[in-house]
Amino acid sequence: MQATSASKRTMAGLGDLVTSNGQGFLVAAVVAVAAQFLSDHYGAPAMLMALLLGIAFHFLSEEGACKPGIDFTARTVLRFGVALLGARISVELIVGLGPQLIFVVIAAVILTLLFGLVAARLLGRGWRFGLLTGGSVAICGASAAMAISAVLPKNEHSERNLIFTVLSVTVLSTVAMIAYPILTDTFAFNDEVSGVFLGGTIHDVAQVVGAGFSVSDEAGEVATLVKLIRVAMLAPVVLVISVLVRRNFASEMDGKRPPVLPVFVIGFLVFAAFNSFGLIPDAVVSFLSSLSRWALLISIAAVGMKTSLRRILDVGGQAIALIVAETVFIAGFVLLGVAVLGH
């Protein structure tokens, strides 16, 4: 009888947990679907729409039945989506680009991160903000910002800075999607150079694909491949940040010592390894990529709900200057690398 009662209490507790999380998750999912509708019918970036619509529903995250689910979605669903990103990666695709271009892309990621840290210090911003903006520009836009934010020690500005970064890189990525193909035509780049430039500089995957294939099919394929190399850098970058945070800032992590390798990074690496060995059928890769995209879209809607527009506006002009400077830096470095290699 006691075992039965305990079992009932456990099931009831799980039911309450699912119910409390489910309401907030469903609200975020509805916002994400609306954002996707706007993207499909009006050409607006889905991530940007999810973020802006989420901000409009900020009041839901302050109190009430939806609050636990919004917190759960912004944290756990986000990490689930990042883990599934690994299914897009395979060693065979990356090696096909050639060692020299791979080196340029990896160097661009590392140097942009370092540039972000140095520039943030010069502008009087914290190292967290430098890593967050530098990582989002260097790797894969909003997805990288959310993944890096998940392992950084939190302070009173963490959510505001994340929202600002996601909003900024999404807007800049959209501007780049329109402007950069015009630059490739102005400078008469061939399809390969165009693909390397677009894939190596535009922040978000969707905008890379849009820009690349607007130039040509070959440019689109090269751009997507180069972008995937940058996405592959997400796991090692988050791992390094996690190790450094664990070593130096464990006291700021709510008294809990964070793991050396976060679970979502392990998931990312596992999916990438499975795909590299051909253990995931193409149809499943497509499904997992779509599921990852929806998980990230839903979670960014929840992140938007957690932050007020007024707090975003408090971030200041120096922050805008920083993220624009990082964008210009990675674009200049990739162009220089391509020129030195003679492509």
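## Surface patches and ring pairs

Biologist: Which residues form the nonpolar patch on the surface, and how much accessible area do they have together?

Modeller: Happy to start there, with the reminder that this is a predicted model. The nonpolar surface patch is made of I110, L111, L114, L117, V118 and L122. Their accessible area together is about 540 Å².

Biologist: Is L122 buried or exposed?

Modeller: L122 belongs to helix α5, which covers residues 99-122. The relative accessible area of L122 is 74%. The cut-off for exposed is over 50%, so at 74% L122 is exposed.

Biologist: Now to charges: which helix gives the largest share of the negative patch?

Modeller: The negative patch on the surface consists of E192, D217, E218 and E221. The largest share is 3 residues, and they come from the helix that runs over residues 217-232. That is helix α11.

Biologist: What relative accessibility does E221 have?

Modeller: E221 is one of the residues of the negative patch, and E221 lies in helix α11. E221 counts as exposed because its relative accessibility is 52%.

Biologist: Which side chains meet in a salt bridge?

Modeller: A search of the whole structure gives 1 salt bridge. Its N to O distance is 3.3 Å, and the cut-off is within 4 Å. The two partners are D71 and K67.

Biologist: How many residues apart are D71 and K67?

Modeller: Both D71 and K67 sit in helix α3, residues 67-84. K67 is partly exposed, because its relative accessibility is 31%. Along the helix the two are about one turn apart, which here is 4 residues.

Biologist: On to the rings: how many aromatic pairs does a search of the whole structure find?

Modeller: Each pair of aromatic rings is described by two values, the distance of the centres and the angle of the planes. Over the whole structure, the search returns 7 aromatic pairs. One of these is F187 with F189, a stacked pair with 20° between the planes. Centre to centre, F187 and F189 are separated by 5.8 Å.

Biologist: What type of pair do the rings of F189 and F197 make?

Modeller: The ring centres of F189 and F197 are 6.3 Å apart, and the planes meet at 65°. The cut-off for this type is over 60 degrees. At 65°, therefore, the pair is edge-to-face.

Biologist: Which residue of the aromatic cluster counts as buried at 3% relative accessibility?

Modeller: The cluster is formed by Y180, F187, F189 and F197. F187 is exposed at 54%, while F189 is partly exposed at 26%. Buried means under 20%, so the residue at 3% that counts as buried is F197.

Biologist: Where does A188 lie, and what is its phi?

Modeller: A188 is exposed, with a relative accessible area of 65%. A188 lies in the loop between α8 and α9 (191-201). Although A188 is not a glycine, its phi is positive, at about 55°.

Biologist: How far apart in space are I182 and A211?

Modeller: I182 is part of helix α8, residues 158-186, and is exposed, with a relative accessible area of 51%. In sequence, I182 and A211 are 29 residues apart. From C-alpha to C-alpha, their distance in space is 9.7 Å.

Methods: Residues are numbered from 1 along each chain as its sequence is written. This is a predicted model: local features need pLDDT of at least 70, side-chain atom pairs count only at pLDDT 80 or more; totals for chains, interfaces and linings use all residues. Side-chain values use heavy atoms; hydrogens and water are left out. Patches are made of residues with over 30% relative accessible area and no salt bridge: like charges are joined within 9 Å, nonpolar side chains (Val, Leu, Ile, Met, Phe, Trp, Tyr) within 5 Å. Accessible areas come from the Shrake-Rupley method with a 1.4 Å probe; for residues, only the protein chains shown count as cover. Lys and Arg count as positive and Asp and Glu as negative; His and the chain ends are not counted. The place of a charge is taken as NZ of Lys, CZ of Arg, CG of Asp or CD of Glu. Buried means under 20% relative accessible area, exposed over 50%, partly exposed in between (1.4 Å probe, protein chains only). Rings of Phe, Tyr and Trp (its six-membered ring) pair if their centres lie within 6.5 Å; planes under 30 degrees apart count as stacked, over 60 as edge-to-face and the rest as tilted.
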